[in-house]
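Colleague: I would be grateful if you would take me through this model step by step. Please give the reasoning before each result.

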Amino acid sequence: MSNQRWVVKIGSALLTNDGQGLDVSAISTWVEQIVQLKKQGIEVILVSSGAIAEGIKRLSWTARPKNIHQLQAAAAVGQMGLIQTYESLFAKHNIHTAQVLLTHDNLANAQQSNNVSATLSALLELNTVPIVNENDTVATEEIKFGDNDTLAALVANLVGATQLVILTDQGGVYDADPRQNSKAELIDKIYVDDEKLERVAGRTGGSLGSGGMYTKVLAARTASHSNTNTVIASGRQPDVLIKLGAGEHVGTLIHC
C-alpha cells in the first residue's frame with residue numbers, strides 16, 4: 001500500500017456540464033490528473049456521479065423524472081455511457097478501470113463491507129482505478145434522499161483513505177451562498193466540529209444532483225471517523241488534483 005490513498009468524488013453538474021450529457025473533454029482532464037497522482041504513488045478510488053443525468057440525455061428526456069423506476073431506468077442506461085467513457089480515457093494511459101456498484105446496505109452489513117474493502121484493496125494492488133457509484137437500480141432510498149457525497153465518505157472510511165476530495169461546481173465552502181451574495185468569502189480551512197460549518201452549508205443543491213453543500217459537510221464529518229481530512233474544491237479549476245497532490249491549498253480543507 002502506498003502512503004497515500006485518496007477517494008475522489010466528482011458531482012453530476014461537473015460531469016455532465018449541467019445536464020448536457022457527459023462532458024468528455026472535462027472528464028479527460030480529471031483522468032489525466034488522476035494518472036499523474038498515481039505516478040506519484042497516490043492510490044485513487046473514484047466515486048462518480050452522472051449516471052442518471054447521462055441516462056436522461058440518452059433517453060432524450062427533457063427533465064429529471066420523479067418516478068423512482070424511471071430514475072432507476074435512467075441510471076441503468078446512463079451507467080453504460082459513464083463506464084465506457086472512463087474505460088476508454090484511462091485505457092489511453094494503459095490503466096484499467098473497474099466498475100464497483102454499491103448500496104448503503106452493502107456498507108452497513110459487516111460481512112459485505114469487509115468483502116467490498118478487500119476487493120477495493122485488491123483492485124488498487126492491481127494498479128486499476130476503481131470507479132464507484134451507487135447501484136441505483138436496486139437502491140431506492142439513495143436516489144430519493146441519498147447522494148454520492150455520503151457514499152464517498154463511507155468508502156473513505158472503508159479503505160482508510162488519507163484524504164477525501166469532493167469536486168463540485170463551487171469553489172468550496174463559503175461563509176454565505178456565493179450564488180446569492182456577491183460578498184461571500186471562501187473558507188480556507190475549518191475543523192470538522194466547528195459549529196460555523198453547519199451554519200454556512202446550505203441544504204439546497206442543483207436540480208441535477210441530489211446533494212448540496214450541506215451533504216458535503218456531512219460527508220466530511222463521516223470521513224473524519226477514519227481520520228480522513230476532506231477537501232471541497234472546484235473541479236473546474238485547472239489541475240485541481242495535481243495542485244492538491246503537490247500540497248497546494250485549494251478550495252476548503254476540513255480538518256479532523
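Colleague: Which residues of helix 8 are buried?

Modeller: The model is a predicted one, and helix 8 covers residues 148-159. A residue is called buried when its relative accessible area is under 20%. In helix 8 that description applies to Asn148, Asp149, Leu151, Ala152, Ala153, Val155, Ala156 and Val159.

Colleague: How far does helix 8 reach from its first C-alpha to its last?

Modeller: Helix 8 has twelve residues, and its expected span is counted at 1.5 Å a residue. The expectation is 16 Å, and the reach in the model is close to that value, at 16 Å.

Colleague: Which residue follows helix 8, and what is its phi?

Modeller: The helix ends at residue 159. The residue that follows is Gly160, and its phi is positive, near 65°.

Colleague: Is Ala233 buried or exposed?

Modeller: Ala233 belongs to strand 7, which runs over residues 229-234. Buried means under 20% relative accessible area. Because the relative accessibility of Ala233 is 0%, this residue counts as buried.

Colleague: With which residues is Ala233 in contact, leaving aside its neighbours within four places in sequence?

Modeller: A contact requires heavy atoms within 4.5 Å. With the neighbours within four places set aside, the partners of Ala233 include Ile166, Leu167, Thr168, Gln170 and Gly171. The list is completed by Val240, Val250 and Gly251.

Colleague: What separates the C-alpha atoms of Ala233 and Gly172?

Modeller: Along the chain, Ala233 and Gly172 are 61 residues apart. In space, the separation of their C-alpha atoms is 4.7 Å.

Colleague: Is Asn94 buried or exposed?

Modeller: Asn94 sits in the loop between helix 4 (68-91) and strand 3 (97-102). Its phi is near 60°, which is positive although the residue is not glycine. The cut-off for exposed is over 50% relative accessible area. Since the relative accessibility of Asn94 is 71%, Asn94 counts as exposed.

Colleague: What is the relative accessible area of Asp239?

Modeller: Asp239 lies in the loop between strand 7 and helix 11 (240-245). Asp239 is a residue other than glycine with a positive phi, near 55°. Partly exposed covers the range between the 20% and 50% cut-offs. Asp239 is therefore partly exposed, its relative accessible area being 41%.

Colleague: Where is Gln72, and is it buried or exposed?

Modeller: Gln72 is in helix 4. The C-alpha atom of Gln72 is 9.7 Å from that of Ala51, and the two residues are 21 residues apart along the chain. With a relative accessibility of 8%, Gln72 counts as buried.

Colleague: What percentage of the residues in the protein is buried?

Modeller: The protein contains eleven helices and eight strands. Its radius of gyration is 17 Å, close to the 18 Å that the globule rule gives for 256 residues, so the protein is as compact as a globular protein of that length. Of these 256 residues, the buried share is 54%.

Colleague: Among contacts between residues at least 6 apart in sequence, what percentage joins residues at least 24 apart?

Modeller: The count starts from contacts in the protein between residues at least 6 apart in sequence. Within that set, the share that joins residues at least 24 apart is 73%.

Colleague: How far apart do the centres of the positive and negative side chains lie?

Modeller: The protein has 20 positive and 25 negative side chains. Each set has its own centre, and the distance between the two centres is 4 Å.

Notes: Residues numbered from 1 in each chain as written. Predicted model: local features only at pLDDT ≥ 70, side-chain atom pairs only at ≥ 80, totals over all residues. Heavy atoms only, no water. Helix = DSSP H or I, 4+ residues; strand = E, 2+ residues; numbered from the N terminus. Rg over C-alpha atoms; globule rule 2.2 N^0.38 Å. Buried < 20%, exposed > 50% of the residue type's maximum accessible area, 1.4 Å probe, protein only. Lys, Arg positive; Asp, Glu negative; His and termini not counted. Charge placed at Lys NZ, Arg CZ, Asp CG, Glu CD. Expected span 1.5 Å × (residues − 1).
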